[in-house]
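Please look over the coordinates alongside the points below. They cover the fold of one chain, its two interfaces and one group of strands.

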Amino acid sequence: MSDLLCPPSALPVVADAMRLLELVREAPPLTHCITNAVVTGFTANVLLAVGAAPAMVDIVGESELFAGIATGVLINLGTPTPEQRAAGLEAAAGATAAGTPWVLDPVAIGALPVRTAHAQSLVEQRPTAIRGNASEILALAGLSAGGRGVDATDSPDAAAEAALLLATRYGSVVAVSGPVDLITDGERTYRVANGDELLTRVTGGGCALGAVMAAFLGAAHGRRISPLTAVTAATLFYTVTAERAAARSTGPGSFAVAFLDELAATTPADLSGAARVADAGAHVTEVAS
Amino acid sequence: MSDLLCPPSALPVVADAMRLLELVREAPPLTHCITNAVVTGFTANVLLAVGAAPAMVDIVGESELFAGIATGVLINLGTPTPEQRAAGLEAAAGATAAGTPWVLDPVAIGALPVRTAHAQSLVEQRPTAIRGNASEILALAGLSAGGRGVDATDSPDAAAEAALLLATRYGSVVAVSGPVDLITDGERTYRVANGDELLTRVTGGGCALGAVMAAFLGAAHGRRISPLTAVTAATLFYTVTAERAAARSTGPGSFAVAFLDELAATTPADLSGAARVADAGAHVTEVAS
Amino acid sequence: MSDLLCPPSALPVVADAMRLLELVREAPPLTHCITNAVVTGFTANVLLAVGAAPAMVDIVGESELFAGIATGVLINLGTPTPEQRAAGLEAAAGATAAGTPWVLDPVAIGALPVRTAHAQSLVEQRPTAIRGNASEILALAGLSAGGRGVDATDSPDAAAEAALLLATRYGSVVAVSGPVDLITDGERTYRVANGDELLTRVTGGGCALGAVMAAFLGAAHGRRISPLTAVTAATLFYTVTAERAAARSTGPGSFAVAFLDELAATTPADLSGAARVADAGAHVTEVAS
């Protein structure tokens, strides 16, 4: 991406990311997660390390109420039991009613029918942000049958068109993870080249990023920082931190431990110094909504 | 708490804690946990490290039976699905019928209606011990609307009155966690000043303590060691160990790893050497039951 | 077992294990796990470290379909909610229809009635492999009332007869874990003496081995490598790696971290150099089916 790359620290989004990291640590955003059984502990630990306050409230009768109390909400479809599906619909309604920003992570949709239908119901409620790998974003946009599970079998570039389509159709920020992450609101697109392959060797490496996005969106909300900036800032912080953790790791086990340590330690200056982000500029959406 | 502090190693409760730690390691107490999806793995690892035998039996049709086989039971309300709520009521009935000591951890009650009603049903069955942060204890006693989630937004001192009230009303030992933990049976109150802030940066830091209390209560049961002593001993052991782990950690990730190592390594002599516990003496309960 | 021990590296099963490890890393087998809430994150991390692709698809309406897409399936009964029980039956049917190898891990059956009945339904569908401790294997064979939970209270030798009976009756490979693991298909029996006691101090130490067996069975399937060889290879790789991890650990917390690192690092040559496996030779089954 060298052709796209301005000196990254000069980009306003990097300064915004530094500011958001400070805001999260000053006033821990209460981050409401309905997430899958595999990653729920890791996700809570990531949020605690970042400085946010996690709360996994995923039962019927509490999720709608709590989405109004929380500052940000994540709905992740990794293991969508009937109870979680009903609670997820409650949470989306509660977040919408209260104006709480919320993130949809449509894990492994496409080939799997129950979660695919559920993701469709949720996306119609216009999430603030959508996060997924290329296969999931393509499937959500109706452009692919999806991957074979949680793996991305398509590249982020192939999903760029789908991301623009979803962003335009639902008014959402769409983040496509991959070796280079793509984040767009349909009008402006960022690409983030930070990260480390070890993030893909720890379960929840992607899922917990969705929770950090919800935390950053909560901190940005009401401070005139756009959702596009908040999602890009969360991605930058998360992937820069992954690089720092990888540098002191000897495998996926020690990486996960170092990652939590570094999430608590990375400073705004560290973030600025390591950010590799490109602003593709404003562009005309070329896809029909 | 210097005004309250006898030379701690002279306190009988410290000697009892040393003895209970030995008993747990000699004959692993089978500890039955119905706990939340976020912390279930960490809780089992804490129990295994301590030397106990964890068993997470949280389905209808098995919980009541198993509460009679186990030596101690934990019922934690962090993610109370309908299945877990029904299994929790079964387990409380089974424990009561068999005389098995059991611990109630009313996570995040107050603002959240489903778990608040469930906690009320359970506490009426007179748990051997109740463990929570200040907001949860106040809410369970009906003295507060509760916190905004799992955070304590009230101080342990503010909860002291609520703890006495609950202890008197239900015949339970009540433990309020905070920078200084308070443990009372309504007649005698201990304060434990050990611990480390990193325990609050690891998900399950509080929840797993409830499981260790159930393990220590199991070991104490039938040996003429009171529930008040067992709960205080568990708290002492757990928080002293947290200090040892913090001393070799570089953040919340490495702390969690070191904590498990130290739970297996801390000796009775280590415990005695580091304990900071105060006996407030016998007191007249000043609250109406 | 010195009387049984050929120079282990000369055994064909060791060469097969080396080859299977390479195959798993070259083409990550998509491993479908329906497993318990306590160990689901650790299991996914173990599979990722090994080089496999985990997918925890445990809901009704998706499990049968996904068992046909996956290369191997694990059904573990640790926390069998009604949803998981129905999804498990779906997965067994889907695996059987598609010819996908599948592993049954009947956690803590015997004393607990719901999972015991469920295990009976599943075993009738003739799993490719059955993995358990001695108490669980005895209970599944109807020769014992089972242990007091997840602990083995019987020795692997006591379970040898039960293992042969199950292998003969259901056409399954049966693996009994213990200080020396026993693996039989009813016609040939291997004993694996590798491993470390620390594996029993980490929750999921046994459960995740079932998932690795499913991954190795998937890689072996269609390559004329027998299920007996695949299950033995998985056990060898897993337990040799545990020894390597234990050598650099200071307790159960650091062991779990080192274990994940080493699962990613152990080479086929490391495996060959450390294997302690005995081939008891072909034998006549002495139990009635």
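**Notes on the predicted model**

1. Of the contacts in chain A (heavy atoms within 4.5 Å) between residues at least 6 apart in sequence, 73% join residues at least 24 apart. Chain A has 289 residues, and 63% of them are buried (under 20% relative accessible area, with over 50% being exposed and anything in between partly exposed; 1.4 Å probe, protein chains only). Its secondary structure amounts to eleven helices and nine strands, where helices (H or I, at least four residues) and strands (E, at least two) are DSSP runs numbered from the N terminus.

2. On conventions: this is a predicted model, in which local features need pLDDT of at least 70 and side-chain atom pairs count only at pLDDT 80 or more, while totals for chains, interfaces and linings use all residues. Residues are numbered from 1 along each chain as its sequence is written, chains are lettered from A and ligands numbered from 1 in the order in which they are written, and side-chain values use heavy atoms, with hydrogens and water left out.

3. The interface of chain A and chain B draws 27 residues from chain A and 27 residues from chain B. About 2,000 Å² is buried between the two chains, 62% of it on carbon and sulfur atoms; buried area is the accessible area (1.4 Å probe) lost by two parts on being put together, summed over both. Leu48(A), Glu62(A) and Asp261(A) account for 24% of the area that chain A buries against chain B, more than any other three residues.

4. Which residue of chain B forms a salt bridge with Glu62(A)? The partner is Arg115(B), with the closest N and O atoms 2.7 Å apart. One salt bridge is found across the interface of chain A and chain B, the rule being a side-chain nitrogen of Lys or Arg within 4 Å of a carboxyl oxygen of Asp or Glu. Ten residue pairs, both at pLDDT 80 or more, are in polar contact there (N or O atoms within 3.5 Å; within protein, one must be able to donate a hydrogen and the other to accept it, and residues adjacent in sequence count only if both atoms are side-chain atoms).

5. On the side of chain A that touches chain B, at least two residues each come from helix H2 (40–50), strand E2 (53–55), helix H3 (63–69) and H10 of chain A. H2(A) gives the most, with six residues. By class, this side has 17 nonpolar, five polar and five charged residues. Ala, Val, Leu, Ile, Met, Phe, Trp, Tyr, Cys and Pro count as nonpolar, Asp, Glu, Lys and Arg as charged, and the others, Gly among them, as polar.

6. Between chain A and chain C, the contact takes 27 residues from each chain, and about 2,000 Å² is buried, with carbon and sulfur atoms giving 62%. Here Arg115(A) meets Glu62(C) in a salt bridge at 2.7 Å, N to O. The elements giving two or more residues to the chain A side are helix H4 (82–98), helix H5 (113–123) and helix H10 (252–265) of chain A. H10(A) gives the most, with four residues. This side divides into twelve nonpolar, ten polar and five charged residues.

7. In chain B, strand E7 (residues 181–184) is covered on both faces: Asp181(B) and Ile183(B) on one side, and Leu182(B) and Thr184(B) on the other, are all buried. E7(B) runs antiparallel to strand E6 (residues 173–177) over three bridges, and pairs with strand E8 (residues 188–192) in the antiparallel sense over four bridges; pairing requires at least two DSSP bridges. Thr184(B) is the bridge partner of Val174(B), and Ile183(B) stands opposite Tyr190(B). In the hairpin of E7(B) and E8(B), with three residues between the strands, Gly186(B) takes a positive phi near 95°.
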